[in-house]
Amino acid sequence: MRTLHVGLRVADLARSLAFYEAIGYGVVGSVPDTPIGHLTMLKLPDDEFVTLELVHDGKPVERGTDLSHLVVKVESMAGILDALASRGIEPVGPGQESEDGLKTAFAADPDGRRIELVQWPPGHADGMTAADWPDDGGDSDG
């Protein structure tokens, strides 16, 4: 089993596409007329499969407390922040850098959802593994 993708309701499809494309997502395909709205499937260049689905039904999007944030790995924090700034998108608050070189920053999509941008330090795996929690013996399953 594996997670396929996350579906996000968006109020303005064009604005949301512009935002997610600025981060680096590309459109894989879309299904315009479904019972839940217009679906647009996105993936990042290094992803093999769709990882994000934008759902547009023309209704307002109300921010709840059910989604904290999405996390996107970037190759260059400076590069992605420049790309966002060129489209008028500024980070939300100051970015952070740890002693080992991990860099993080947050941006908000057009519907106010926080997107965490992460640049791993050199030599880090492409994602999080048990090695990121050495204090618990690497067993995060309990």
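This short talk goes through the overall fold, two hairpins and the largest pocket of the chain on the screen.

Before anything else, please keep in mind that what we are looking at is a predicted model, and that every value I quote is computed from it.

Let me start with the chain as a whole. The protein chain contains two helices and eight strands, and if we read from the N terminus the elements follow the order β-α-β-β-β-β-α-β-β-β. Its C-alpha trace extends over about 50 × 40 × 30 Å along the principal axes. Of its 142 residues, 30% count as buried, and the chain exposes about 8900 Å², of which carbon and sulfur atoms supply 53%. As for how the chain contacts itself, among contacts with a separation of 6 or more, 53% are between residues 24 or more positions apart.

I turn now to the C-terminal part of that element order, where two hairpins share strand β7. Strand β6, residues 96-97, pairs with strand β7, residues 103-108, in the antiparallel sense over two bridges, and within this pairing Glu97 stands opposite Lys103 of β7. Five residues lie between the two strands of this hairpin, and Gly101 takes a positive phi near 105°. On to the next hairpin: β7 is joined to β8 by six bridges, and these two strands also run antiparallel, with Ala107 placed opposite Ile115 in β8. Here too there are five residues between the strands, and it is Gly112 that takes a positive phi, near 90°.

That brings me to the largest pocket, which holds about 1000 Å³ of space. Which residues are closest to its centre? Of the 37 residues that line the pocket, they are Leu44, Asp47, Val71, Val72 and Lys73. The elements that give two or more residues to this lining are β5 (69-73), α2 (77-85) and β8 (114-119), so β8, which we have just met as the partner of β7, returns here as one of the contributors. The largest share comes from β5, with four residues.

How does the lining divide by residue character into nonpolar, polar and charged? There are 18 nonpolar residues, nine polar ones and ten charged ones in the lining. The residues closest to the centre include Asp47 and Lys73 as well as Leu44, Val71 and Val72.

To close, I would leave you with β8, which is joined to β7 by six bridges and also gives two or more residues to the lining of the largest pocket.

Terms used: Residues are numbered from 1 along each chain as its sequence is written. This is a predicted model: local features need pLDDT of at least 70, side-chain atom pairs count only at pLDDT 80 or more; totals for chains, interfaces and linings use all residues. Side-chain values use heavy atoms; hydrogens and water are left out. On a 1 Å grid over the protein atoms alone, a cavity is a set of points where a 1.4 Å probe fits but cannot get out, and a pocket is an open set with protein on both sides within 12 Å along at least five of seven lines; lining residues have an atom within 4 Å of a point. Grid points are joined across faces, edges and corners, and a volume is the space filled by probe spheres set on the points. Ala, Val, Leu, Ile, Met, Phe, Trp, Tyr, Cys and Pro count as nonpolar, Asp, Glu, Lys and Arg as charged, and the others, Gly among them, as polar. Buried means under 20% relative accessible area, exposed over 50%, partly exposed in between (1.4 Å probe, protein chains only). Contact means heavy atoms within 4.5 Å. Accessible areas come from the Shrake-Rupley method with a 1.4 Å probe; for residues, only the protein chains shown count as cover. Two strands pair if DSSP finds at least two bridges between them.
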